[in-house]
Amino acid sequence: AYGADWMFGWKLLGEDAFFNLIPAVGIGFNMLNVHFTSNYVIFDEKKDNDYVVMRDRYYSTMAASFKADLEARLQFEQFSIGLYAGYHVVRYNEFNVEGSNLHTHINDTDNDGDTWYVGLRFGWTFLSFWDKKQQNKI
């Protein structure tokens with residue numbers, strides 16, 4: 001899956017704190033590419049047991065996404081390091097395979113790409129003209 005998200009976050013313990021907690025939420029879009037390596041036959045229970053043949057090829061679909069994460073960050077002047085974790089919600093409602101929407105039959109749920117994630121983030125803050133001028137005075 002590929003995608004882009006626009007995240008909105010805020011520092012809970014102040015802008016210039018050495019340690020900070022930063023919750024963030026965001027929206028975006030994802031694209032899912034699936035390659036079936038052989039021909040598969042799936043019976044569609046909603047169409048009187050009609051069947052769909054998934055061929056040996058790539059299938060793609062787009063979907064909206066939502067993310068929420070929390071970062072614990074250490075700030076060293078211009079540089080920072082943070083550990084973050086969160087949850088990514090993706091719903092591929094319209095996964096069309098050979099003219100038929102692919103869906104799961106248990107409780108009639110959607111195709112989803114939800115996932116938990118963790119990561120390490122390194123950052124560098126650009127100094128404004130005023131910040132550079134103040135550092136040169138020291």
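Biologist: Why is Asp5 called partly exposed?

Modeller: In this predicted model, Asp5 has a relative accessibility of 26%. Buried requires under 20%, and exposed requires over 50%. The value of Asp5 falls in between, so the residue counts as partly exposed.

Biologist: Why is Lys67 called buried?

Modeller: The relative accessibility of Lys67 is 18%. The limit for buried is under 20%, so Lys67 counts as buried.

Biologist: What makes the pair of Lys67 and Asp5 a salt bridge?

Modeller: Their side chains meet at 3.8 Å, N to O. The cut-off asks for a side-chain nitrogen of Lys or Arg within 4 Å of a carboxyl oxygen of Asp or Glu. Lys67 supplies the nitrogen and Asp5 the oxygen, so the pair qualifies. Lys67 is in strand 5 and Asp5 is in strand 1 (residues 2-9), so this pair ties together parts that are 62 residues apart in sequence.

Biologist: Why can such side chains pair in general?

Modeller: Opposite charges can pair when the charged atoms come close.

Biologist: How many salt bridges does a search of the whole structure find?

Modeller: The search finds three. One of them is the pair of Lys67 and Asp5. Another joins Arg73 to Glu71, with the closest N and O atoms 3.2 Å apart. Glu71 also forms a salt bridge with Arg121, where the closest N and O atoms are 2.7 Å apart.

Biologist: What parts of the chain does the pair of Glu71 and Arg121 tie together?

Modeller: Glu71 lies in strand 5 and Arg121 in strand 10, so the pair links parts that are 50 residues apart in sequence. Glu71, Arg73 and Arg121 are joined into one network by salt bridges that share partners.

Biologist: Are Glu71 and Arg121 buried or partly exposed?

Modeller: Glu71 has 2% relative accessibility, so it meets the limit of under 20% and counts as buried. Arg121 has a relative accessible area of 32%, which is in the range between 20% and 50%, so Arg121 is partly exposed. Arg73, like Glu71, is buried.

Biologist: Why is Asn20 called buried?

Modeller: The relative accessibility of Asn20 is 3%, and buried means under 20%, so Asn20 counts as buried. Asn20 is placed in strand 2 (residues 19-35).

Biologist: Which backbone atoms does the side chain of Asn20 reach?

Modeller: The Asn20 side chain reaches the backbone nitrogen of Leu12 at 3.3 Å and the backbone oxygen of Gly14 at 2.5 Å. The limit for a polar contact is within 3.5 Å, so both distances satisfy it. Setting aside neighbours within four places in sequence, the residues in contact with Asn20 include Leu12, Gly14, Glu71 and Arg73.

Biologist: How do you know that strand 2 and strand 5 pair?

Modeller: They are joined over 17 bridges, in the antiparallel sense. Pairing needs at least two bridges, so the condition is met. Within this pairing, Ile27 stands opposite Phe66 in strand 5.

Biologist: Which strands does strand 6 pair with?

Modeller: Strand 5 (residues 58-76) is joined to strand 6 by 12 antiparallel bridges, and Leu70 has Ala85 of strand 6 as its bridge partner. Strand 6 is also joined to strand 10 (residues 115-124), by 10 antiparallel bridges. There, the bridge partner of Leu83 is Leu120.

Biologist: What lies between strand 5 and strand 6 in their hairpin?

Modeller: Two residues lie between them, and Glu77 in the turn has a positive phi of about 50°.

Biologist: Which side chains of strand 6 point to the buried face?

Modeller: Side chains alternate along strand 6 (residues 79-92). Among those that point to one face and are buried are Tyr84, His88 and Tyr92. Those pointing to the other face, including Phe79, Leu83 and Val89, are not buried.

Biologist: Why is Val89 called partly exposed?

Modeller: Val89 has 24% relative accessibility, which is between 20% and 50%, so it counts as partly exposed. Val89 and Ser65 are 24 residues apart in sequence, but their C-alpha atoms are 5.5 Å apart in space. Apart from its neighbours within four places in sequence, Val89 is in contact with Ala64, Ser65, Phe66 and Asp114.

Biologist: How many helices and strands does the protein chain have?

Modeller: There are 10 strands and one helix. The helix comes after the strands when the elements are read from the N terminus. Of the 138 residues in the chain, 24% count as buried.

How values were computed. Residues are numbered from 1 along each chain as its sequence is written. This is a predicted model: local features need pLDDT of at least 70, side-chain atom pairs count only at pLDDT 80 or more; totals for chains, interfaces and linings use all residues. Side-chain values use heavy atoms; hydrogens and water are left out. Helices (H or I, at least four residues) and strands (E, at least two) are DSSP runs, numbered from the N terminus. Buried means under 20% relative accessible area, exposed over 50%, partly exposed in between (1.4 Å probe, protein chains only). A polar contact is a pair of N or O atoms within 3.5 Å; within protein, one must be able to donate a hydrogen and the other to accept it, and residues adjacent in sequence count only if both atoms are side-chain atoms. Contact means heavy atoms within 4.5 Å.
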